[in-house]
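Please open the model in your viewer and keep the sequence panel beside it, since each stop on this tour begins with a selection.

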Amino acid sequence: MSFQLGSALLDACVLAILAKEDAYGYSLTQQVREVMDISESTLYPVLRRLQKNGFLSTYDQPYQGRNRRYYRITDSGRLKYEQLLEEWNDYKGKVDHVLLGGLNRD
């Protein structure tokens with residue numbers, strides 16, 4: 001069984017990865033896949049939307065004779081990530097309370 005995950009959680013995962021280091025699309029996809037099933041065709045619209053909203057910027061780097069597009073989190077993106085992380089912790093706490101019967105099993 002797998003849980004359906006919303007776009008806010010996907011945004012948070014992308015921003016979390018980029019908060020640590022810049023990354024290119026394929027690398028981002030592989031890192032996000034560690035926590036949820038996602039394809040590159042799903043991730044690229046998310047990256048474009050985050051960029052349009054000012055949370056990401058891009059730059060190109062040559063790699064084996066081609067340019068590779070890298071994504072970088074902006075200051076606005078860091079603020080958004082912190083907001084999403086706070087919302088996630090609140091949501092996670094409520095779900096844990098229900099699923100664990102009030103037990104805190106950190």
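Helices and strands are here DSSP runs, of at least four residues for a helix and at least two for a strand, numbered from the N terminus. The model on your screen is a predicted one.

Begin by selecting residues 14-82, the range that an unreviewed UniProt entry annotates as "domain: Transcription regulator PadR N-terminal". Over residues 14-82 the chain is 54% helix and 26% strand, and the C-alpha atoms at the two ends of this range lie 13 Å apart.

Next, show helix 1 (residues 7-20) together with helix 3, whose axes are 11 Å apart and which pack at an angle of about 75°. An angle from 65 to 115 degrees counts as roughly perpendicular, and helix 1 is therefore roughly perpendicular to helix 3. To see what touches, display the side chains of Ser-7, Leu-10, Asp-11 and Val-14 on helix 1, and those of Leu-43, Val-46, Leu-47, Arg-49 and Leu-50 on helix 3, since these residues make the contact. Coloured by class, the residues in this contact of helix 1 with helix 3 divide into 6 nonpolar, 1 polar and 2 charged.

Keep helix 3 (residues 40-52) in view and add helix 2 (residues 25-33); the axes of these two helices come within 10 Å and cross at roughly 110°. Helix 2 and helix 3 are therefore also roughly perpendicular to each other, and helix 2 passes helix 3 in a right-handed crossing. On the helix 2 side the contact is made by Gly-25, Tyr-26, Leu-28, Thr-29 and Arg-33, while helix 3 contributes Glu-40, Leu-43, Tyr-44 and Leu-47. By class, this contact of helix 2 with helix 3 has 5 nonpolar, 2 polar and 2 charged residues. Leu-43 and Leu-47 of helix 3 are worth labelling, for they are listed in the contact with helix 1 and again in the contact with helix 2.

Now turn to the sheet, which is open, has 3 strands in the order 1-3-2, and is paired in the antiparallel sense. Strand 1 (23-24) and strand 2 (56-63) stand at the edges with a single partner strand each, so one side of each has no neighbour in the sheet. Select strand 1 with strand 3 (residues 66-73), and you will find them paired antiparallel over 2 bridges; Tyr-24 has Tyr-70 of strand 3 as its bridge partner.

Finally, bring helix 3 back over the sheet: helix 3 lies across strand 2 and strand 3, and runs at about 125° to strand 2.

Key: Residues numbered from 1 in each chain as written. Predicted model: local features only at pLDDT ≥ 70, side-chain atom pairs only at ≥ 80, totals over all residues. Heavy atoms only, no water. Axes fitted to C-alpha atoms, helices over the stretch in contact; angles between N-to-C directions. Parallel < 35°, antiparallel > 145°, perpendicular 65-115°, else oblique. Left-handed = near helix turned anticlockwise from the far one by under 90°. Contact = heavy atoms within 4.5 Å. Nonpolar A, V, L, I, M, F, W, Y, C, P; charged D, E, K, R; others polar. UniProt positions renumbered as here; feature names shortened; annotations may be inferred. Pairing = 2+ DSSP bridges.
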